[in-house]
Amino acid sequence: MKKYHVIIGHFGSGKSEFSLNIAFNEAAKGKKITLVDLDIVNPYFRTAERHEEIEKAGIRLLMPSFVTSGVEIPALPAEIYSAFNDDSDLVIFDVGGDAAGAVALGQYYRFFSRIEKENLEVTYVFNARRPLSLDLESNLDIIQSIEIASRIGIDNIINNTNLSQETTVRDLIDGYELAKQISDKTKLPVRNTISTEKILDEFKAYAEANGLDRAYIGEYYPIVRYMHRDWDRYTTEGL
C-alpha cells in the first residue's frame, strides 16, 4: 500500500536531512521512492540541492523548477500533483515550517484528504538550538500555524536538536527536555530522537544511566549528514 510521509520543520530544524535519510534508506531496501521538495522559501540546504545523489539512488525527485537555476520564486510546478498518482511505495514531502510552507502544503489538501489515515504520516521536526524553535511556546506557535494554514494535523514529533558538526550529547539531552514539554502540551507522541550514530550512542548510554522516559525519546534513528558535509565527505564530494 502506498504511503505518504510529510516532514515539516522550521529553518534549521534538520527536516531536509531527515527527509533525505528516510529516502535513501527506504530506496536501499528496494522501495520506489518519490521525494517532493515543497520548501519554496528557503533557498539554502534543501533536499533538491542533493539532486544528483538522489537521482543516482533511483529516487524520483519533484521540486520547483527554479531550485538549481540560481533564481528563487515562490512557485510550485504542476508536476508535483503527479506524486499522488505515481506508482511509488513511499512519497516524502519536505515542507518548510513557516507560514509560506504551511500554505504550500495546504495547496494539496484535497489530495491529502483522500488518503486513508493509516497511509499518511505527518511529522514535525524541531531543533532546540535554533532561535525560532528553542522553547515550548515557539514550537507550539509553529505547530498551530502549520495545522491551521495547511488544514492537515501533525501526528508526531522528532527531536533533532543539533549544532551540525559541533553537536554533542548535551544538545540531545536538552532536546529531550523540550520534546517532553511539547509532547505533554500537544499530546503528540515523540516518533524519533535522531543524530549521527556516535552522538546517539552517547545519548543512549546517558538515557539508560539516568532513567530517561523512552516515551519522550521514541525510536533512535541514526542519520548521515548529507546537507552539512563533514570534512571527509567535503573533500571527496564537495559542498
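Axes are lines fitted to C-alpha atoms, for helices over the stretch in contact, and angles run from 0 to 180 degrees between N-to-C directions. Helices (H or I, at least four residues) and strands (E, at least two) are DSSP runs, numbered from the N terminus. The model is predicted: local features need pLDDT of at least 70, side-chain atom pairs count only at pLDDT 80 or more, and totals for chains, interfaces and linings use all residues. Residues are numbered from 1 along each chain as its sequence is written, and side-chain values use heavy atoms, leaving out hydrogens and water.

**Exercise 1. Describe how helix 3 and helix 5 pack.**

Step 1. Take the geometry. Helix 3 covers residues 99–106 and helix 5 residues 136–150. Their angle is about 30 degrees, and their axes lie 7 Å apart.

Step 2. Assign the hand. A crossing is left-handed if the near helix is turned anticlockwise from the far one by less than a right angle, and right-handed if clockwise. Helix 3 and helix 5 cross right-handed.

Step 3. List the contact (heavy atoms within 4.5 Å). Helix 3 supplies Ala102, Val103, Leu105 and Gly106. Helix 5 supplies Ser145, Ile146, Ala149 and Ser150.

Step 4. Sort the residues. Ala, Val, Leu, Ile, Met, Phe, Trp, Tyr, Cys and Pro count as nonpolar, Asp, Glu, Lys and Arg as charged, and the others, Gly among them, as polar. The contact of helix 3 with helix 5 has 5 nonpolar, 3 polar and no charged residues.

**Exercise 2. Classify the packing of helix 6 and helix 7.**

Step 1. Helix 6 (residues 169–186) meets helix 7 (residues 197–210) at about 55 degrees, with axes 9 Å apart.

Step 2. Apply the classes: under 35 degrees is roughly parallel, over 145 roughly antiparallel, 65 to 115 roughly perpendicular, the rest oblique. Helix 6 and helix 7 are therefore oblique to each other.

Step 3. The crossing of helix 6 and helix 7 is right-handed. Val169, Leu172, Ile173 and Tyr176 of helix 6 touch the helix 7 set Ile199, Leu200, Glu202, Phe203 and Tyr206. The split is 8 nonpolar, no polar and 1 charged.

**Exercise 3. Map the sheet, then place helix 5 on it.**

Step 1. The open sheet has 8 strands, ordered 3-2-4-1-5-6-7-8, with parallel pairing. Strands pair if DSSP finds at least two bridges between them.

Step 2. Find the edges. Strand 3 (60–62) and strand 8 (219–222) each have a single partner strand, so one side of each lacks a neighbour in the sheet.

Step 3. Add the twist, which averages 25 degrees from one strand to the next.

Step 4. Helix 5 lies across strand 1 (3–9) and strand 5 (120–126), at about 150 degrees to strand 5.
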